[in-house]
Amino acid sequence: MIANMSSSSSSSKVTLKSCYSVRPMEPTWYGRLPLSEWDQIGNITHVSTIYFYRPPQKWLTSPNKIATTLKDSLSKVLVPFYPLAGRLQWKESGRFDVECNSLGAQFIEAESSLTLSELGDFSPSCEYYPYLIPHIDYTRPIEDIPLVIVQLTNFKCGGASISLLISHAVADGPSALHFTSEWARLARGEPVRTMPYFDINVLSSRSNVNVNEWEFNEPPLLLGNSNNVEERKKKTTVAMLKVSKTQVEKLRKTANESWEKPSNGRGYTRYETLTGHVWRSASKARGHANDQQTSLGVCVDWRNRVEPNLPKGYFGNGTLDVVATSLAGDLISKPLGYASSRIREAIEKVNDEYVRMGIEYFKKQEDLTKFQDLHAKMGSDDKGPFYGNPNLGVVSWLTLPIYGLDFGWGKEVYMGPGTHDSDGDSLLLPSYDDDGSLLVAICLQEVHMDAFKRHFYQDIV
């Protein structure tokens with residue numbers, strides 16, 4: 001499951017030293033844990049993040065002190081978070097459970113002849129990233145793939161990176177951060193603050209919902225195309241774009257003054273504004289015709305949108321994707337506020353009835369395969385939703401506690417998304433400097449990236 005590091009000069013700078021299975025420190029419950037419908041659709045592959053550290057000298061006197069601390073505390077945290085030590089198991093009709101069997105998380109140790117300064121600004125496009133973050137071979141049986149994979153890389157300068165890969169089938173962003181924050185607490189010698197809650201019965205559907213009102217539409221294709229096979233194959237690149245606090249405020253002002261006010265009177269948010277700007281810029285860069293249909297996938301956290309709210313510590317997927325749609329001509333010719341209004345309209349659909357209607361809708365599906373991204377990773381060219389050209393997906397980490405992961409040797413000097421190579425895959429993050437600026441991490445086809453950057457910044461001015 002680990003990437004082969006022997007084929008390039010970049011790989012020679014990073015050497016794998018060892019690989020372990022870290023099991024729960026104490027006996028945990030064995031058995032099949034059912035997953036909710038929201039766990040089994042959309043992104044069910046692993047999501048990667050990476051943290052870079054400059055540990056103080058006392059952590060460097062013993063060569064294995066950092067690795068030992070991480071492995072011991074990981075073994076401890078897998079006791080309350082025991083499903084993460086298990087494996088997915090397919091059932092019929094594209095559905096699966098978690099087999100809680102304590103097989104453990106995978107822990108990889110590597111060392112690098114590089115220094116942290118040689119990585120520059122730690123951009124995801126850095127040539128060394130693929131060797132700092134494990135590659136997963138999804139053609140292997142799913143029951144052989146750990147749900148949590150960690151790689152510790154020690155650098156020549158004494159710095160270290162920790163890359164984390166967590167299966168989206170068992171944890172969305174808030175749940176993954178819950179796990180990592182509790183892991184860090186245990187590493188520092190502190191107790192678990194919030195125990196995870198695994199009972200999906202709180203998500204029961206309701207018999208009186210009308211699933212005919214809930215619809216799933218395949219993302220539109222490029223005009224003239226009958227499928228997206230060729231678009232999926234095109235080479236992509238990643239960029240990390242910074243938007244200053246002043247630029248964010250200017251975009252919000254433009255959005256709120258250029259279009260009719262939202263029905264609830266609340267101005268457009270940073271997410272609705274910046275995402276609308278990304279959407280418009282992408283359509284311009286891709287050269288869309290005016291009558292090209294385009295959709296934008298928006299990830300909405302519904303933990304506090306259902307009645308009653310999900311319990312504190314609910315672990316799993318408490319998020320779902322809704323879709324904003326438009327003609328490219330309208331996106332480009334109308335002001336920014338129009339794009340923001342389309343996004344607001346999609347987000348406001350998510351309430352208790354909508355969530356439970358979705359549960360019932362997916363329960364009634366004969367097969368969930370077409371709703372899952374895993375099959376594209378397994379080599380299928382045309383299965384699973386595709387939010388590449390002419391579409392886009394923008395996930396927000398703006399309100400998540402993504403920074404300050406301290407395992408005992410201090411907070412990270414940089415944190416960011418790991419490798420992502422899917423066209424249209426983008427992410428909004430707060431700036432690490434906490435100065436009000438925001439970051440846009442976006443993956444597009446190589447042929448579109450320069451034009452995207454040009455439109456992105458010129459249109460702010």
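Colleague: Which residues line the second largest cavity?

Modeller: In this predicted model, the lining includes Ile44, His46, Leu88, Tyr138 and Leu374. A cavity is a set of points on a 1 Å grid where a 1.4 Å probe fits but can't get out, and lining residues have an atom within 4 Å of a point.

Colleague: How many of them are nonpolar?

Modeller: Eight are nonpolar, two are polar and no charged residues turn up. Tyr and Pro count as nonpolar here, and Gly as polar.

Colleague: OK, and how many residues line the largest cavity?

Modeller: That one has 13, and Leu33, Leu35, Val170, Phe198 and Phe315 lie nearest its centre. The split is 11 nonpolar, one polar and one charged.

Colleague: New topic: in what order do the strands of the six-strand sheet come?

Modeller: The order is β9-β15-β14-β12-β10-β11, in an open sheet with mixed pairing. Strands are DSSP runs of E, at least two residues long, and two of them pair if DSSP finds at least two bridges.

Colleague: Why is one side of β9 left without a neighbour?

Modeller: β9 (236-243) stands at an edge with a single partner strand, so one side has no neighbour in the sheet; β11 (319-327) is in that position too.

Colleague: How many bridges join β9 to β15?

Modeller: Eight, and the two strands run antiparallel. Ala239, for one, has Ile442 in β15 as its bridge partner.

Colleague: Any small print?

Modeller: Residues are numbered from 1 along each chain, and side-chain values use heavy atoms, leaving out hydrogens and water. Local features need pLDDT of at least 70 and side-chain atom pairs 80 or more, while totals for chains, interfaces and linings use all residues.

Conventions: On a 1 Å grid over the protein atoms alone, a cavity is a set of points where a 1.4 Å probe fits but cannot get out, and a pocket is an open set with protein on both sides within 12 Å along at least five of seven lines; lining residues have an atom within 4 Å of a point. Helices (H or I, at least four residues) and strands (E, at least two) are DSSP runs, numbered from the N terminus.
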